[in-house]
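Biologist: Please take a close look at one backbone feature of this model. Then set it against a second case and tell me how far the coordinates can be read.

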Amino acid sequence: VNLESDAGYLAMYTKHVNDTLHEDLIVTAKGINLGEWLNMAPWLPEVNGMLNTDININNSNGMLTGFGTFSLADILYNRKTLGNVEVGFGLGINPQSGKNEAQAVVAINGHNAITVAGSINDTTATSPYDLRLSLDKFPLTVANPFLPESMLQLGGYLNGEMSMTGTMETPNLNGELMFDSTRVEIPVFGSRLKFDDVPVAVKENLITFNNFGIRGNSGDPLLINGTIDIANMSNPLIGLRFNGNNVQVVDSKYTAKSQLFGKGFVGCNASASGRLSDLSVKAALTLLPKTDVTYVLQEDAGSLTRTQASDVVKFVCFADTLDEDIKPIESEQKFALNLNADMNISSGAVVNVNISPDGRNKAQVRGDGALSFSMNPLGEMRMTGRYNINNGFVRYNPPFISEKYFTFDNSSYIAFNG
């Protein structure tokens, strides 16, 4: 089989091996535009790239072997650059012994970042898997095209060694992972967090954190201690503690896309415990006096929109089931959260709200208070407490009217009653 176009080709043929009766199956492709094929399925995300393969498969003496390469060049996902990925692999399948061996190397932008090797022995039910994974400067930036650009972006690398024995249902993982110049950026909040370059051990499916630090621009860490048991990967058992003081969570200047800017410092004492399907989070947060942050309403609060008058009155025939909504199939809930958080707002912390994106309409409050927030697995939320306003102002420019300026009386407060 040989298919050709002006840009590339796809060929599949057999070739005799050393003048024997055995033949190899050869599959080669070059210059296949992945985007043109995927465009035929409009429900798929926009993916572009050039596909190239060179695969050799042989079946002789009851043994199936194969080797080759598979590559995607100039990959774009939703018009965001992912780069070049090449996979080189080799495999051997022996139906008589039941032992299958394979190895693969994944190169990302020319660097061999992932190596996988091992075997699967179908003759034993207790521990058929014996796999090894090695990460060498795996670039976390490859995840960015799949993440909301304004919400989360990753940088740096991940290194590590991991082994897996047992079965897919009951795996046994051992090894360690280590971040390398890893950072997490949250552009909408102006946050840039750095991860410590220290090993995180994995022993008998137990991931252990020992004073693992996540640091803002101030350099003061949020320390993580505890464990995550991933014996059940779909529902891991979590037992973590988070402690930090003077952690800088906001450090940015105003941009047109900013929703939060300024400088924000918090103290944190929190814990997360339980299975992912029933996770309990308790937190005590303190907004520190050095904080001066501004939240930007992206839509001008002064702009009025007309209330839609359609469907104010709607006549329905209850005997007609044509337009009846189809009830979705209920799926098992994979994540449930019980959250209880206490927040103390220190005197001296300044909170601003730009009521219009340009800042001409603005509110500023300075005060202190204690608030409690809770949320159950059903999403029901409650807030109690009191925020005392020591001073502040509201500046507003109504249409066709001169600027209005109001100041808060120092006896003002906001009470939350749940």
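**A positive phi in a loop**

Modeller: Asn205 is buried, at 7% relative accessibility (buried is under 20%, exposed over 50%, partly exposed in between; 1.4 Å probe, protein chains only). Its phi is positive, about 70°, yet Asn205 is not a glycine. Asn205 sits in a loop. Strand S13 (199–203) lies on one side of that loop and strand S14 (206–215) on the other (strands are DSSP E runs of at least two residues, numbered from the N terminus).

This is a predicted model, with local features needing pLDDT of at least 70, side-chain atom pairs 80 or more, and totals for chains, interfaces and linings using all residues. Residues are numbered from 1 along each chain as its sequence is written, and side-chain values use heavy atoms, without hydrogens or water.

Now the second case. Asp74 also has a positive phi, near 55°, and is a residue other than glycine. Its setting is a strand, S5 (residues 63–77). Asp74 is exposed, with a relative accessible area of 56%. So one positive phi belongs to a buried residue, Asn205, and the other to an exposed one, Asp74.

Next, confidence. The chain has a mean pLDDT of 87 (the predictor's confidence in each residue, from 0 to 100). Of its residues, 90% reach 70 or more. Residues 304–310 stay under 50. Beyond four places in sequence, that stretch has zero contacts in the model (heavy atoms within 4.5 Å). Residues 326–331 are also below 50, with zero contacts beyond near neighbours in sequence. Where pLDDT is low, predicted coordinates should not be read in detail.

Note on methods. Helix = DSSP H or I, 4+ residues; strand = E, 2+ residues; numbered from the N terminus.
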